[in-house]
Amino acid sequence: MAHSFEIRSAQQRLAAGEGGYEIVHRSPALEVGVYVLVAPEPDRQQPHEDDEVYVVLEGSGVLDVEGDRVELDTGHSVFVPAGAAHEFVGYEQLSLLVIFSRKR
């Protein structure tokens, strides 16, 4: 069954605080969340078991994926394969839509 979910309000809630991650949709094969990073807090992610796509909603920064650096700005997106070590660096405030492909 189709349903809508709110992204902007999650982004605003997280940005008003110290950032963080909030799931806005979860189904057996998919998770969608909003991830907000606010400097000087570092990105403390660990490699994930699932493929993921990041879409930059607002801000800019660099994603380091196992030594490869990808410059990102509002409207850009990037794919990160399951198991890849990665972290965002060089940001002041960065808001991202995160889409995980869940293994069944």
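**View 1. Strand E2 is mostly covered in this predicted model**. Of the 9 residues in E2, 8 are buried. The strand spans residues 30-38. Two partners pair with E2: E1 over 7 bridges and E8 over 9 bridges. Both pairings are antiparallel.

**View 2. A hairpin links E1 to E2**. The connection takes 2 residues. E1 covers residues 20-27. Across the antiparallel pair, 7 bridges hold the register of E1 and E2. One of the matched positions is Tyr-21, whose bridge partner in E2 is Tyr-35.

**View 3. E2 meets E8 in an antiparallel pair**. Here 9 bridges join the two strands. E8 runs over residues 93-101. Val-32 stands opposite Ile-99 of E8.

**View 4. E3 takes its place beside E8**. The two strands pair over 7 bridges, again in the antiparallel sense. E3 comprises residues 51-58. Asp-51 has Ser-101 of E8 as its bridge partner.

**View 5. The pairs assemble into an open sheet of 5 strands**. The order reads E1-E2-E8-E3-E6. Pairing is antiparallel. The edge strands are E1 and E6, the latter covering residues 77-80. Each edge strand pairs on one side only. From one strand to the next, the twist averages 20°. In this order E8 sits between E2 and E3.

**View 6. A cis peptide bond joins Ala-39 and Pro-40**. Its omega is about 10°. Pro-40 belongs to the loop between E2 and E3. That loop follows residues 30-38 of E2 and leads to residues 51-58 of E3.

**View 7. Glu-66 adopts a positive phi**. The angle is about 50°, although the residue is not a glycine. Glu-66 is placed in the loop between E4 and E5. E4 spans residues 60-65, and E5 spans residues 68-73. Is the side of this loop marked by Glu-66 buried or exposed? Glu-66 has 56% relative accessibility. The cut-off for exposed is over 50%, so Glu-66 counts as exposed.

Notes. Residues numbered from 1 in each chain as written. Predicted model: local features only at pLDDT ≥ 70, side-chain atom pairs only at ≥ 80, totals over all residues. Heavy atoms only, no water. Helix = DSSP H or I, 4+ residues; strand = E, 2+ residues; numbered from the N terminus. Buried < 20%, exposed > 50% of the residue type's maximum accessible area, 1.4 Å probe, protein only. Pairing = 2+ DSSP bridges. Axes fitted to C-alpha atoms, helices over the stretch in contact; angles between N-to-C directions.
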